[in-house]
Amino acid sequence: MAKETGRKLVASNRKARHDYLIEDTYEAGLVLMGTEVKALRMGRASLVDGWAGFDRDDELWLEGVHIPEYANGTWTNHTPRRRRKMLLHRRELDKLLQATRETGHTLVPLSLYFKDGRAKVEIAVAKGKKNYDKRHALRERQDTREAARAIAARRRGED
């Protein structure tokens, strides 16, 4: 069997970009059980309630991510919302630890994917947005969309 190449997206957290101001992103490996990998290869996962945090030993863990049980699994099946260890270089872990100690910063998973056959998660150092910031971002997006429509209509000769 040929080795997998490229990037195959399994799940993305689109709401995170709406709810948080993304400051920096990192790619981390995941320690998974066999049935979790099989469930991910079927394209089933949810990052909506996911977050990342450090334990006492300064190890990074992914929590709240839902990977459903593998349908053909037996007694070796995993629990859907278990903690999963994330793999990063020590200097990256130190940067993330420093960033999360700052007030208002958190680690949010943005996407879960396979890269060259290995499960990876993209996490971001994020700061929560206030409601008025969210409304402002939506208004800006709507204004640019309307401006683009007006320019396109003008080019077509409509008025």
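The expected span of a helix is 1.5 Å times one less than its number of residues. Helix H3 in this predicted model is a good place to try that out. With 12 residues, H3 should span 16 Å, and its end C-alpha atoms turn out to be 17 Å apart, which agrees.

H3 also has two clearly distinct sides. Leu93, Leu96, Leu97 and Ala99 are its buried residues. They take up an arc of only 165 degrees around the axis, so they sit on the same side of H3. An α-helix has 3.6 residues a turn, so residues three or four places apart point the same way. Over on the other side of H3, Arg91, Lys95, Gln98 and Arg101 are exposed. As for what lies over the buried residues of H3, the cover includes E2, strand E3 (51-54), E4, E6 and E7.

That leads to the nonpolar interior. The largest nonpolar core counts 26 residues, and Leu40, Leu60, Met86, Leu96, Val121 and Ile123 are the ones with the most contacts inside it. At least two residues of this core come from each of E1 (7-12), E2 (20-30), H2 (34-41), E4 (60-63), H3 (90-101), E6 (105-115) and E7 (118-128). E7 gives the largest share, four residues. Apart from this core lies another one, made of five residues, with Val108, Leu110, Ala124 and Ala126 among them.

Leu60 shows how the pieces of the larger core come together. Leaving aside residues up to four places away in sequence, Leu60 touches Ala52, Gly53 and Phe54, then Arg84, Lys85, Met86, Leu88, Leu93 and Leu96, and also Leu107 and Ile123.

One of those neighbours, Arg84, deserves a closer look. Arg84 belongs to strand E5 (residues 84-87). At 1% relative accessibility, where buried means under 20%, this arginine counts as buried. Its side chain reaches the backbone oxygen of Val65 at 3.1 Å.

Strand E6 is the other element to follow. Nine of its 11 residues are buried, so E6 is largely enclosed by the rest of the structure. E6 has antiparallel pairings with two strands: E1, over five bridges, and E7, over 10 bridges. In the pairing with E1, Ser12 stands opposite Ser111 of E6. In the pairing with E7, Pro109 faces Ile123, the latter being one of the residues with the most contacts inside the largest core. E6 and E7 form a hairpin with two residues between the strands, and there Asp116 adopts a positive phi near 55 degrees.

Technical notes. Residues numbered from 1 in each chain as written. Predicted model: local features only at pLDDT ≥ 70, side-chain atom pairs only at ≥ 80, totals over all residues. Heavy atoms only, no water. Core = buried A, V, L, I, M, F, W, Y, C linked by side-chain atoms within 4.5 Å. Buried < 20%, exposed > 50% of the residue type's maximum accessible area, 1.4 Å probe, protein only. Contact = heavy atoms within 4.5 Å. Pairing = 2+ DSSP bridges. Polar contact = N/O pair within 3.5 Å; in protein donor to acceptor, adjacent residues only side chain to side chain. Arc of directions from axis to C-beta.
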